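Reader: Could you walk me through a few backbone and packing details here?

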Amino acid sequence: MNSGTAGSGDGGSRTLHVPMLARVEGEASMHVVIYDGRVSEVELRIFEPPRFFEALLRGRAFTEPPDITARICGICPVAYQMSACQAIEDACGVTVPQPLQDLRRLLYCGEWIESHALHIYLLHAPDFLGYPSAIDLARDRRDLVERGLRLKKAGNAIMTVLGGRSIHPVNVRVGGFYRLPTAGELSGLRATLAAALPDALATVELVAGFDFPDFSHDFEYLALRPERGYPIEAGQVVTSGGLAFPAAEFDAHVTEEHVRHSNALHARLHGSEPYLTGPLARYALNSAALSPLASGAARAAGLGPACRNPFRSIIVRAVEVTYAVEEALRIIDSWPGAAAPSVAVAPRAGTGYGATEAPRGLLYHRYQLAGDGTITGARIVPPTSQNQISIEHDLRAFVQPRLGLPPDELTRQCEQAIRNYDPCISCATHFLDLTVEHR
Amino acid sequence: MTAGNHPAGVLVIGIGRRDRGDDAVGPAVAERAMDLVPPGVTVLEQAEPAGLIDAWAGAGLVVIADAVRSGQRPGTVHVLHACHGPLPVRTGAGGTHGLGLAEVIELGRALQRLPPQLVVVGVEAQRFGLGEPMSPQVRACVELAAKAVAEVVRAG
């Protein structure tokens, strides 16, 4: 991530290119064109797998999307599973009993803790603390990185118990789970999470002390809002502009357009307004629903009821980790048990809708089913494509007053600004780019 | 994808995504190696390298199978010992959303959490398209790479 390049063009133009995924050129990068001292173009080029998976899902059985879509992202498989289950159960007219919904929320808490801890400690904190990477941070501040890994491991523990395994969970099915956790497993999780709570609170305190650029935006925020609690696995869609609608009306409010420079579709509200989903939106639209502990941590960290500085999103993530740890403990302590790991789901012809809050924002799924349960259509709108226009607007405003910086420093600051959104654009391959020297 | 829990702490991990062309070679090699390593060796598949530091905790010997790119002929098998110094990688950048294998190994080194023996068996890959199968040249070398994994396990 530190291999950004900058070059000068002819005449008064200059381009800045930030290859965010150096291993696979062209999969994701940021391209800025500067003309006569003004930023004239900002393009975030994103390679995005959901289009491929939408095609792959057509013709498959209605029971398959949780497993297939979990492969879209190695960091947030549970989000894909939960939105898929919700949409298919909606199409089939089935409501999963509350104890199973509680377990889904618990599983999702695990993914939030794991994903946010990874992003805060291994990707974003090094930017704020002046280190080129988490490796350099670990050499000087081993205690901080170890704390991040402990938190991540606590999230992993939930994923392993509820999901069957931590990466690409296999225990989730339409209608519930294949297997329920035992009392012993839940009690083991409780101990792990209780130990993680001080780490979560210390994380809020740590990131609250970072230096933040004076920068803000006024995008419309979009997030779920459930009847009770902070939004994770359910809720209706609300916006800071006052809209409120169920997931079934998402297509009526959000339109997607193809743009030349990106493989991803750009989402807009009512065809014109860019908007933002993710931690800042969730927090602004639901901060009153946080637990007293998480709410107190947010206040102590200097957050008001809403936050419009994207660099401060790292504080919101830390507050959400605290909430997720506490919420997981609450669910474990109050879980009444379930009569069966799943309920029967019979297919029927129709369309179903699902929306949940992935760590990086709202994830929408829609499926059309034939009478025998064959999928005839699928639509997946991930958070990063919803945020893409807003990220580009942010970068344009961010780069303009910083054009005088040396190219390497400007590249570094752009990378940090992009990381504010934790974009899911590198969930691709993880091969090594080797240098082989022949002597 | 586990052959069993091994008291001696030998772990084989295949890294990669099965639906991304030659990126599938890591899991494919690990799967084949299950039949070649002694009973009791634990074999895992992992899509994301970020969890490796926890996954290999307590193991004495860890062998990681992964796709690599160095410009050599597709299917070429590299055996790289990671305990004595960084892998000879050109980038190792993890992007905005995760960490790469070389970064995770270096993070483990900085935290003094590398296993006593860590070997990467890399297979030279050429294509990573979404939904693509492994290329024939790479598929043809899965057996060779799995034997290399088994040889490292035997020698360890």
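Author: Gladly; what follows covers two backbone angles and the nonpolar cores.

This is a predicted model, where local features need pLDDT of at least 70, side-chain atom pairs count only at pLDDT 80 or more, and totals for chains, interfaces and linings use all residues. Residues are numbered from 1 along each chain as its sequence is written, while chains are lettered from A and ligands numbered from 1 in the order in which they are written.

Reader: Is A:Asp36 buried or exposed?

Author: A:Asp36 has a positive phi, near 55°, although it is not glycine. It sits in the loop between β3 (28–35) and β4 (38–46) of chain A; strands are DSSP runs of E, at least two residues, and helices runs of H or I, at least four, numbered from the N terminus. A residue is buried with 20 or more other C-beta atoms within 10 Å of its own, exposed with 12 or fewer, and partly exposed in between, with C-beta atoms placed from the backbone. Because A:Asp36 has 9 C-beta neighbours inside 10 Å, it counts as exposed.

Reader: And where in chain B is B:Gln112?

Author: Happy to place it. Phi of B:Gln112 is also positive, near 55°. The residue is found in the loop between α3 (101–110) and β5 (117–124) of chain B.

Reader: Which helix gives the most to the largest nonpolar core?

Author: A nonpolar core joins buried Ala, Val, Leu, Ile, Met, Phe, Trp, Tyr and Cys residues through C-beta atoms within 7 Å. The largest has 168 residues, and B:Val12 is one of those touching the most other members. The top contributor, with 15 residues, is helix α4 (residues 98–129) of chain A.
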